[in-house]
Amino acid sequence: MLDIQFIRENADIVKESQRKRSESVELVDEVLSADNARRDALSRFETARAEQKSIGKKVAAAPAEEKAALIAQTKELAQKVAEYKSAADSASEEFTTAMWKLSNIVEEEAPEGGEDDYVVVDEIGQIRDFAAEGFEPKNHLELGESVNGIDMKRGVKVSGSRFYFLRGAVARMEIAMLTMAVDQAEENGFSLAITPTLVRPEAMRGTGFLNSHADEIYRLREPDDQYLVGTSEVALAGMHADEILDLSNGPLRYCGWSSCYRREAGSAGKDTMGIIRVHQFNKVEMFSYCKSEEAKEEHKRLLAMEQEMLGKMELPYRIIDTAAGDLGSSAARKFDCEAWVPTQGRYRELTSTSNCTEYQARRLNVRERAEDGKTRPVSTLNGTLATTRWLVAILENGQQKDGSIVIPKAMRPYMGGREVIEPTRRES
């Protein structure tokens, strides 16, 4: 949610942000109109209530011959007060509904356009020339099946499409990767949290996920009315709802480990092979609460953390600055790291880090105490540090001509010193 005072004083900035997102510019005027109606209704209610209290005091002290008239006036005014209160409540609800439709204000530096209008910030690492090495690379599913590590067939049998089993060395590889991410996060001052994966609507709504992409989310209806999270960001943001944080010693940083769930609505026919686009996966997510003036630097810090992890995985990747029209409603700016997937001949997203400024904190009422003693909203940021999809790039980029898969050096201590995963067709 945005600051209404900022909208009143900077409507043109908010409209420009909406335009860059390809979202409704007219919504800004609707918000301002609802704000005026709310304030007018509230003023009428408060004026009538003050008059009601004033007449009430007169009744007690009035002579007997005047009391009947004053009591009648009080009853008439009481009816008006009730009507004005109902109108004020209704106007306030309409204002809040309009406000919650507005997306966060896009940072000026964010590129304009949609999904394909990102800007490449940097390319890191060397893409392997498999032709020069004398063999055609296999895709991650072929490799996973050849080492008895990815079992889509039985995943579908048990749970339906886009589900899978990870087994043996590939399962160990995922655990190793996630544990590496936790270790790196803790070394950099992040506190580990294993988070709930079922949350209340307030947490999902507060983080901005119940918007145009709400159909991506699994919902448990009556008698529970809860949502399965697509990222631990939701739980970590909701954890401090309605609290005042102490940020005097710097940002409050969490590292969330959770299973994640996404319906992948509208993705029929997209990435149906393997584990690129699935309904359930594991992820380690960074989440920061910081002072608003520190948010841009904290965003750089999260991106650097992601780059450090990708370096440990020995993957060629690029960093893109996401265009405004492809940002989630909460993000003011977002950087993605995309790893090279040899068999697809293109980069695929592995990490994403977003600066959500004060947007989520206002919706969840998360504040800090400023130097003047007053409270103000904090800024929130998030970023992926490791997730199941990384296995796609690790397997494909680590494959050898003999069918074996080289384990990244940094991961080997987490896999008992093992250096290579050898192919095997043996079922167990």
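Pro223 sits in the loop that links strands E6 and E7, and in this predicted model a cis peptide bond joins Glu222 to Pro223, with omega at about 5 degrees. The two strands on either side of that loop belong to an open sheet of 3 strands. Elsewhere, two asparagines, Asn148 and Asn365, have positive phi values. The second largest pocket encloses about 640 Å³ of space.

**Sheet around the Pro223 loop**

- The order of strands in the open sheet is E5-E7-E6, and the pairing is antiparallel.
- Strand E5 (198-199) and strand E6 (219-220) form the edges, each of them pairing on one side only.
- Strand E7, which spans residues 226-228, pairs with E5 in the antiparallel sense through 2 bridges.
- Within this pairing, Leu198 has Leu228 of E7 as its bridge partner.

**Backbone geometry**

- Most residues other than glycine have a negative phi, and most peptide bonds are trans.
- The bond between Glu222 and Pro223 is cis.
- Asn148 has a phi near 55 degrees, a positive value in a residue that is not glycine.
- Asn148 belongs to the loop between helix H6 (140-146) and strand E2 (150-151).
- Is Asn148 buried or exposed? Asn148 counts as buried because its relative accessibility is 14%, and the buried class covers values under 20%.
- Asn365 likewise is not a glycine, and its phi is positive at about 60 degrees.
- The loop that holds Asn365 runs between H12 and strand E14 (367-369).
- Asn365 has a relative accessibility of 30% and therefore counts as partly exposed, a class that lies between the 20% limit for buried and the 50% limit for exposed residues.

**Second largest pocket**

- The volume of the second largest pocket is about 640 Å³.
- Which residues lie closest to the centre of the second largest pocket? Of the 24 lining residues, these are Phe6, Asn104, Ile105, Val106 and Thr357.
- Three helices, H2 (11-20), H11 (295-312) and H12 (359-364), each contribute at least two residues to the lining.
- Helix H2 provides the largest share of the lining, with 4 residues.
- By class, the lining consists of 9 nonpolar, 6 polar and 9 charged residues.
- Helix H12 thus appears in two topics: H12 supplies part of the pocket lining, and H12 also borders the loop of Asn365.

Note on methods:
Residues numbered from 1 in each chain as written. Predicted model: local features only at pLDDT ≥ 70, side-chain atom pairs only at ≥ 80, totals over all residues. Heavy atoms only, no water. Pairing = 2+ DSSP bridges. 1 Å grid on protein atoms, 1.4 Å probe; cavity = no way out; pocket = protein on both sides within 12 Å on 5 of 7 lines; lining within 4 Å. Points joined across faces, edges and corners; volume = space filled by probe spheres on them. Nonpolar A, V, L, I, M, F, W, Y, C, P; charged D, E, K, R; others polar. Buried < 20%, exposed > 50% of the residue type's maximum accessible area, 1.4 Å probe, protein only.
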